[in-house]
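Dear colleague,

I am handing over the structure below, with notes on what was found in it. Please keep the notes together with the file.

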Amino acid sequence: PPRILTLEEPVLHMDHCIAFAVHGNPAPTLHWLHNGQVLRETEIIRMEFYQQGEVSEGCLLFNKPTHYNNGNYTIVATNQLGSANQTIKGHFLEKPFPAASGLFSFRMQYAPKILCVDSKAFSFQVSIAVGLAAFACVLLVVLFIMINKYGRRSKFGMKG
């Protein structure tokens, strides 16, 4: 019957790889489960292995996995004499908003904290910003007038 020799936690090489080695004669067929469900190969998740005698070695490869790919991965090896399986936990990324289950709950949970601002502090900040902008405008107008008034006269009444 098949025997799982090694099953390692995911490691990042070119892609993330869960390395495995399985021994069996006749050669076992291999498939994977993700959280107890059959894992279908896609562009993002694929299995590559090679057979060397009675040992199959390879990787379950992940191309840029996200938090959706976190979970328990089980390799199942089966041949005519029996089957073997082994599970390992794969953790790739943290959930971006662990407490929120969807967009609506995100808005309900975080929107009040964002929108509730101290109105006195906010109005003070706005008045400071408006005052600085008005001061800058007045300064620019005064400079423009002074340059136009004094900048066009030539010294000593000479014409250039």
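**Disulfide**

A search of the whole structure, which is a predicted model, turns up 1 disulfide. It joins C17 to C59, with an S to S distance of 1.9 Å. The two cysteines belong to distant parts of the chain: C17 sits in strand 3 (residues 16-23) and C59 in strand 7 (residues 55-62), 42 residues apart. The torsion about the S-S bond of C17 and C59 is about -65°, so this disulfide is left-handed. Both C17 and C59 are buried. Another cysteine, C137, has a relative accessible area of 48% and is therefore partly exposed, since that class ends at 50%.

**Overall layout**

The chain holds 9 strands and 2 helices. Read from the N terminus, the order of elements is β-β-β-β-β-β-β-β-β-α-α, so to speak of the helices is to speak of the end of that order. Of the 160 residues, 26% count as buried. Taking contacts in the chain between residues at least 6 apart in sequence, 55% join residues at least 24 apart. The exposed area of the chain is about 12200 Å², and carbon and sulfur atoms supply 63% of it.

**Salt bridges**

The whole structure contains 2 salt bridges. Which residues do D15, R46 and E48 form a network with, and by what kind of link? They are linked to one another by salt bridges.

- R46 pairs with D15, and the closest N and O atoms are 3.4 Å apart. This pair also links distant parts of the chain, with R46 in strand 6 and D15 in the loop between strand 2 (11-12) and strand 3, 31 residues apart.
- R46 pairs with E48 as well, where the closest N and O atoms are 3.2 Å apart.

The three residues can be placed by their accessibility. D15 has a relative accessibility of 16% and counts as buried, because the class takes in values under 20%. R46, with a relative accessible area of 26%, is partly exposed. E48 is also partly exposed, at 43% relative accessibility.

**L39 and its surroundings**

L39 lies in the loop between strand 5 (37-38) and strand 6 (45-52). Is L39 buried or exposed? L39 is buried, with a relative accessible area of 18%. Leaving aside residues up to four places away in sequence, L39 touches W32, L33, H34, I45, L60 and Y73. The C-alpha atoms of L39 and T74 are separated by 9.4 Å, and these two residues are 35 apart along the chain.

**Backbone points to check**

Three places in the loops deserve a line each.

- The peptide bond from N25 to P26 is cis, with omega near 5°. P26 is in the loop between strand 3 and strand 4 (29-34).
- N35 is not a glycine, yet has a positive phi of about 55°. N35 is found in the loop between strand 4 and strand 5 and is partly exposed, with a relative accessible area of 45%.
- K64 likewise has a positive phi of about 55° without being a glycine. K64 is in the loop between strand 7 and strand 8 (71-79) and is exposed, at 71% relative accessible area.

**C-terminal helix and the annotated region**

The unreviewed UniProt entry places a "transmembrane region" at residues 122-147. In the model, residues 122-147 are 100% helix and 0% strand, and the C-alpha atoms at the two ends are 38 Å apart. A nonpolar patch on the surface is formed by F135, L139, L140, L143 and I147, which together have about 530 Å² of accessible area. I147 belongs to helix 2 (residues 119-150). I147 counts as exposed because its relative accessibility is 56%, and the class takes in values over 50%.

Regards

Notes. Residues numbered from 1 in each chain as written. Predicted model: local features only at pLDDT ≥ 70, side-chain atom pairs only at ≥ 80, totals over all residues. Heavy atoms only, no water. Helix = DSSP H or I, 4+ residues; strand = E, 2+ residues; numbered from the N terminus. Buried < 20%, exposed > 50% of the residue type's maximum accessible area, 1.4 Å probe, protein only. Contact = heavy atoms within 4.5 Å. Areas by Shrake-Rupley, 256 points an atom, 1.4 Å probe, with all protein chains shown as cover. UniProt positions renumbered as here; feature names shortened; annotations may be inferred. Patch = residues over 30% accessible without salt bridge, like charges linked within 9 Å, V, L, I, M, F, W, Y side chains within 5 Å. Salt bridge = Lys/Arg side-chain N within 4 Å of Asp/Glu carboxyl O. Disulfide = S-S within 2.5 Å.
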